[in-house]
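Welcome! Take a look at the sequence and the structure below, and then let us walk through some of the contacts and surfaces together.

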Amino acid sequence: MRMMEDVKSGKISTIITKDLSRFGRDYLMTGQYIEMILPDYDVRYIAINDNVDTLRSENEMMVFKNVFNDWYARDCSKKIKAVFKAKGQSGKPLTTNPPYGYKKSEADKNVWEIDEEAAEVVRRIFQLCIDGYGPTQIARILTEDKVLTPTAYAEMKKSGNITCTKPYHWAQRTIADLLEKLEYVGHTVNFRTKTKSYKSKKRIINSKTDWQIFENTHEAIISKEDFDLIQELHKNKRKLQHQEEVNPFSGMVYCADCGKKMYLCRSKRLNSDQEHLKCSTYSADKDDCSAHFIRTVVLEEIVLSELRKMTTFVRENEAEFIELAMQNSQQKQSAELKAAKKRFAQSEKRVAELDKLFTRLYEDV
């Protein structure tokens, strides 16, 4: 692009490359530049090995050479994609850099190890979320505490210098992305994104159904229980009100008639006995549902009453409770074993497919 600026300003009269492929491999763009754009600026083009000189000959074969150069790039891209696909389907991570909180093992670059300094920040982010803070509030806390952002931290580790202008400014989107990364529970996730073609560098986000997840491939920073809790909290988003206190039922109560969420109604003018939850459907359109509402103090009493009943049952029927718990555990283990066998069969089938793919790649090379 800098060269073309010089061409337009009249600083360049001749462009010389080793061959046509060094000028470009997109046959449409290469032909447009050599046959239309450069002649308009009276610029001579020479490709030494391909015997192309726009001043001395018509270069009839140049079009075919450009097509073959484009085809070569397309073929290389196809083979490289096949290799990356095979690598990704084998469970090895495809990302160039590990997620924030991990580092590449010195013994094997395909193995991730915990970077304790960054991992402590990751644990803190997850704990703050469990404590009721949202991504925006967590970002503000980290910014105020002058914690290096992932970009600034990576620069410091790589070169010892930080070039980004705001090394402590955490963004809400960064926190939200970190809270959704399955890598923190020890899983490898491949094929999150793709490109339309080898000519386009724009990344397109794949549907989650197209992701390939390989479990327990590296040491976890966050426990599976805490990660699942965060995802559940994300589904039932809770907002800190002006009172700076999260209502325990916010985002978890649903209307018995329409099945939609019930919204929390509170303000500084209402005392704790007046806080209530009302049907969101009725709030939007009074004809679609009736005016269902329940005060939070009443809901608390209902929940506490049910908990008391449960604890009383456990105390008075300990043996029966243990038997029920064991039955439930056995059913869960049976379901997990069945799912594991299914995944094992799929993995064996995939291994056989990969063997065939590697054989074809070897033959192509």
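## Getting started

A residue is called buried when its relative accessible area is under 20%, exposed when it is over 50%, and partly exposed in between. Keep in mind as you explore that this is a predicted model.

R124 is a good case to practise on: its relative accessible area is 33%, so R124 is partly exposed.

## Salt bridges

How many salt bridges does a search of the whole structure find? The search turns up 12. In one of them, R124 meets D145, with 2.4 Å from N to O. This pair links distant parts of the chain: R124 belongs to helix 5 (residues 116–130), while D145 sits in the loop between helix 6 (135–144) and helix 7 (150–159), 21 residues apart. Like its partner, D145 is partly exposed, because its relative accessible area is 42%.

A second example stays inside a single helix. E306 and K309 are both part of helix 11 (residues 296–316), three residues apart, which is about one turn of the helix. Their side chains meet in a salt bridge of 3.6 Å, N to O. With a relative accessible area of 45%, E306 is partly exposed, whereas K309 reaches 52% and is therefore exposed. Salt bridges can also join up into a network, as they do for E116, E120 and R123.

## A three-stranded sheet

Now find the open sheet, where three strands follow the order 1-2-3 with mixed pairing. Strand 1 (14–17) and strand 3 (52–53) stand at the edges with a single partner strand each, so one side of each has no neighbour in the sheet. Strands of a sheet pair through backbone hydrogen bonds, in either a parallel or an antiparallel way. Here you can see both: strand 1 and strand 2 (residues 44–47) are parallel, with four bridges, and strand 2 and strand 3 run antiparallel, joined by two bridges.

Some individual residues help you trace the sheet. I15 is opposite Y45 of strand 2, and I46 has D53 in strand 3 as its bridge partner. The hairpin of strand 2 and strand 3 has four residues between the strands, and N51 there takes a positive phi near 55°. D53 also forms a salt bridge with R44, whose closest N and O atoms are 2.6 Å apart. D53 counts as buried because its relative accessibility is 11%, while R44, at 21%, counts as partly exposed.

## Aromatic rings

The structure holds eight aromatic pairs. One of them is the stacked pair of Y102 and Y184, with 6.2 Å from centre to centre and 15° between the planes. Why does this pair tie together separate parts of the chain? Y102 lies in strand 4 (residues 102–104) and Y184 in the loop between helix 8 (172–179) and strand 6 (188–190), so the two parts are 82 residues apart in sequence.

Both Y102 and Y184 are buried. They belong to a cluster in which ring pairs link Y102, W112, F126, Y184 and F227. Elsewhere, a ring meets a charge: the charged end of R192 sits over the ring of W211, 4.8 Å from its centre.

## A nonpolar patch on the surface

Finally, turn to the surface, where a nonpolar patch of about 970 Å² includes Y27, L28, F64 and W71 among its residues. Helix 3 (27–40) and helix 4 (62–89) each supply at least two residues, and helix 4 gives the most, with six. L28 is part of helix 3, and its relative accessible area of 54% is why it counts as exposed.

Technical notes. Residues are numbered from 1 along each chain as its sequence is written. This is a predicted model: local features need pLDDT of at least 70, side-chain atom pairs count only at pLDDT 80 or more; totals for chains, interfaces and linings use all residues. Side-chain values use heavy atoms; hydrogens and water are left out. Patches are made of residues with over 30% relative accessible area and no salt bridge: like charges are joined within 9 Å, nonpolar side chains (Val, Leu, Ile, Met, Phe, Trp, Tyr) within 5 Å. Accessible areas come from the Shrake-Rupley method with a 1.4 Å probe; for residues, only the protein chains shown count as cover. A salt bridge is a side-chain nitrogen of Lys or Arg within 4 Å of a carboxyl oxygen of Asp or Glu. Buried means under 20% relative accessible area, exposed over 50%, partly exposed in between (1.4 Å probe, protein chains only). Rings of Phe, Tyr and Trp (its six-membered ring) pair if their centres lie within 6.5 Å; planes under 30 degrees apart count as stacked, over 60 as edge-to-face and the rest as tilted. A charge sits over a ring if NZ of Lys or CZ of Arg is within 6 Å of the ring centre and within 35 degrees of the ring normal. Two strands pair if DSSP finds at least two bridges between them.
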